[in-house]
Amino acid sequence: MSSPRKFHAVRGVRDILPPDTSLWNWFEATARDVLETYNFREIRVPVLEETELFARSVGAETDIVSKEMYTFTDRDETAISLRPEATASVVRAYIEHGMQMRPGLVKLYYAGPMFRRERPQKGRYRQFYQIGAEVLGSTDHPAIDAELIEMLTVLLERCKLDNWTLLINSIGDANCRPQYVQKLREALAGVKSQLCGDCQRRSETNPLRVLDCKVEADQVIINRLPQIAENLCEPCREHFAELRRQLDLRSIPYQVTPRLVRGLDYYMRTTFEITSPHLGAQNALAGGGRYDSLPEMLGGPAVKGIGFALGEDRFIEVIQSAGKIDATRPLDAFIVWMGAGAYPAAARLARRLRQQGLCVELPAEEPKLRKALSLAERLGARFAVIIGENEVREGAFAVKRLADAEQRKLAEADVAAFVKTTAPVAPRTGAQASQT
Ligand SMILES: [Zn+2]
Ligand SMILES: [Zn+2]
C-alpha cells in the first residue's frame, strides 16, 4: 500500500508561521493605531466581487484584469473574481451604502489578502496582504493628498524605517491626459520597434504604462518621450504645485518623478510611491494616488477620491532586515511540577499568572526536572517555577531566572509581581526567523 499523499501550499502562496506572525500582528496593530489617529475607520469588504467591477475600475486592458485575476463562474453564471486590490470594492461599498450622506470626508481603511496570479518570484506572492486607506468626498484639495502621505511617513517612523524615498508625480486629468496620451502614442509609433515586447504591446493598449518599463535597454528611448509634467492643464499644474507646498510645510522630503504612473486606469493627478532600496527592482513599499472619476465610473455620485495601498509582505521584509523592532512575545514562565500532589498548585498558579497577563506554559504530564528545565530554556522562557510536594507544604515556590540561574523562594501570591517586574538579564535579541 502506498503512503497517503502529502499536501503542499498552492504554488505562489505561502504560510506565515510564528514567530513571524508576531511581527505581522504588531505591524497591523501599529498601522491601525496610526490610521485611526488620522480619523480613518476600518471597512471590511468581501474577498469576492463580480469580475465586472474590476474590469470597469482597474481596467480591462491592465495586466491585472487581463491575466492575473483568479476568476470563476458561480453556479448562477455570474463571473466572480478574488479581489486583486481593494479600492474598487471600497468605492463599490461607498456607493452601495450611500456613504456620501455621511458628514464630512469619508475616511476608510482596510487590511487583508489580495490575489493576483503573477509569475512566482522572490518576495512576490499570489496571495499577498495589503493595508490601504481611501478618502472620499466633495473636495480634492491637495492638503488631503499631503496629509495621507504624512500618515504613511508616520507609520514608517513607528516601524523605525528611515531609509525610504517618496516619489510624486501628477498624471493629469480627463481634461489634459487624453491629449498627452495621444502625443505619447504618436511618439511611440516611431520608436516602438526598438522597445521590449511589453512596451510594444502597451504602446497600443496602455501607452502610459510604457513609462513604467524597467528594461535597461529601453530607458534611453523612454526618457526622450514627451513628459506629462509639460502637458498638464492649468488646474492640474496648480494642484500639483499646491501638493508640493503642502509637503514642504510638513517637512516631508520628496522627489518629483515625471515617469511615475500607476498601473491602474482610474488614477489621475497626484500619484505617489514610497520606495526602499532594500527591495531591489520591486522596491515599492506603498503606492497611491487620486481617482476622482472612479465613483462616477461605477455609477455613483460625483465625489473625489484618493488612496494608497501598502504591501504588508514587503513592509515586514524591510522591518525584519532593519532589525529595530522586536515584536516577539516571550514565554514568561514555565512551570515544572513534580509529584501528583503538586499538580493542583501548579494549575492554580498558572491560571493566576495568566490572569495577570503573563504567558505561561504548564506541562500536561509530570516532567523530569532536568528535561523540563532544558525544554524551558529552548522555549526561551524567562523563568522556571519549580513546584514539588515539599514546596506545596511550605507554601513557597522556587522561581529560577533562566538567564543567570538565580533562584529564590516566593509565596504563591508574590510570583506574578516578581515575574512581571524583573527584567530579563540580557536583552532579548530582536532577530526574527528569516523568511524563506
Ligand atoms: Zn520596455
Ligand atoms: Zn489637467
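Biologist: Glad to look at this with you! What geometry does the site of the zinc ion (ligand 1) have?
Modeller: Happy to help, and bear in mind that this is a predicted model. The four donor atoms of the zinc ion (ligand 1) make angles of 99 to 120 degrees. Four donors pass the test if all angles lie between 85 and 135 degrees, so the site counts as tetrahedral.

Biologist: Which residues coordinate the zinc ion (ligand 1), and what is their spacing in sequence?
Modeller: The donors are the SG atoms of Cys196, Cys199 and Cys213 together with an OD atom of Asp218. They sit at 2.0 to 2.3 Å from the metal. Along the chain, the spacing of these donor residues reads C-x2-C-x13-C-x4-D.

Biologist: Are cysteine 196 and cysteine 199 buried or exposed?
Modeller: The cut-off for burial is under 20% relative accessible area. Cysteine 196 has 18% and therefore falls below that limit. Cysteine 199 has a relative accessibility of 0%. By this rule cysteine 196 is buried, and cysteine 199 is likewise buried.

Biologist: Now for the zinc ion (ligand 2): what spacing do its donors follow along the chain?
Modeller: Asp173 provides an OD atom, while Cys176, Cys233 and Cys236 each provide SG, at 2.2 to 2.3 Å. Of these donors, aspartate 173 and cysteine 176 are buried. In sequence, the donors of this zinc ion (ligand 2) are spaced D-x2-C-x56-C-x2-C.

Biologist: And which geometry does the site of the zinc ion (ligand 2) have?
Modeller: Here the angles among the four donor atoms run from 93 to 118 degrees. The allowed window is between 85 and 135 degrees, so this site is tetrahedral.

Biologist: Let's turn to the helices. How is H2 oriented relative to H4?
Modeller: Helix H2 (residues 51-59) packs on helix H4 (residues 87-96) with the axes 9 Å apart and an angle of about 105 degrees. Angles of 65 to 115 degrees fall in one class, so H2 and H4 are roughly perpendicular.

Biologist: Which residues of H4 make that contact?
Modeller: By class, the contact has three nonpolar, two polar and one charged residues. From H2 come Leu53, Phe54 and Ser57. On the other side, H4 contributes Ala88, Ser89 and Arg92.

Biologist: How many residues of helix H11 are buried?
Modeller: Helix H11 spans residues 312-322 and is largely enclosed by the rest of the structure. Among its buried residues are Phe315, Ile316, Val318 and Ile319, as well as Glu312 and Arg314. They pack against several elements, including helix H1 (20-37), strand S6 (127-137) and helix H5 (142-158). Of the eleven residues in H11, the buried ones number nine.

Biologist: Which residue just after H11 takes a positive phi?
Modeller: The backbone there has a phi of about 65 degrees. The residue is glycine 323.

Biologist: How far apart in space are leucine 136 and valine 303, C-alpha to C-alpha?
Modeller: Leucine 136 lies in strand S6 and is buried, at 0% relative accessible area. Its contacts beyond four places in sequence include Val91, Tyr94, Tyr291, Pro295 and Val303. Although leucine 136 and valine 303 are 167 residues apart along the chain, their C-alpha atoms are separated by 6.5 Å.

Biologist: One last one: what is the C-alpha separation between valine 419 and leucine 353?
Modeller: Valine 419 belongs to helix H15 (residues 412-421) and counts as buried, at 0% relative accessibility. Leaving aside neighbours within four places in sequence, valine 419 touches Asp332, Leu358, Arg382 and Phe383. Leucine 353 is 66 residues from valine 419 in sequence, and the C-alpha distance between them is 8.9 Å.

Technical notes. Residues are numbered from 1 along each chain as its sequence is written. Chains are lettered from A and ligands numbered from 1 in the order in which they are written. This is a predicted model: local features need pLDDT of at least 70, side-chain atom pairs count only at pLDDT 80 or more; totals for chains, interfaces and linings use all residues. Side-chain values use heavy atoms; hydrogens and water are left out. Donors are N, O and S atoms within 2.8 Å of the metal (3.2 Å for Na, K and Ca); water is not among the atoms, so sites may look incomplete. Four donors count as tetrahedral if all angles lie between 85 and 135 degrees; four count as square planar and six as octahedral if opposite donors are over 155 degrees apart and all others between 65 and 115; anything else is irregular. Buried means under 20% relative accessible area, exposed over 50%, partly exposed in between (1.4 Å probe, protein chains only). Axes are lines fitted to C-alpha atoms, for helices over the stretch in contact, and angles run from 0 to 180 degrees between N-to-C directions. Helices (H or I, at least four residues) and strands (E, at least two) are DSSP runs, numbered from the N terminus. Angles under 35 degrees count as roughly parallel, over 145 as roughly antiparallel, 65 to 115 as roughly perpendicular and the rest as oblique. Contact means heavy atoms within 4.5 Å. Ala, Val, Leu, Ile, Met, Phe, Trp, Tyr, Cys and Pro count as nonpolar, Asp, Glu, Lys and Arg as charged, and the others, Gly among them, as polar.
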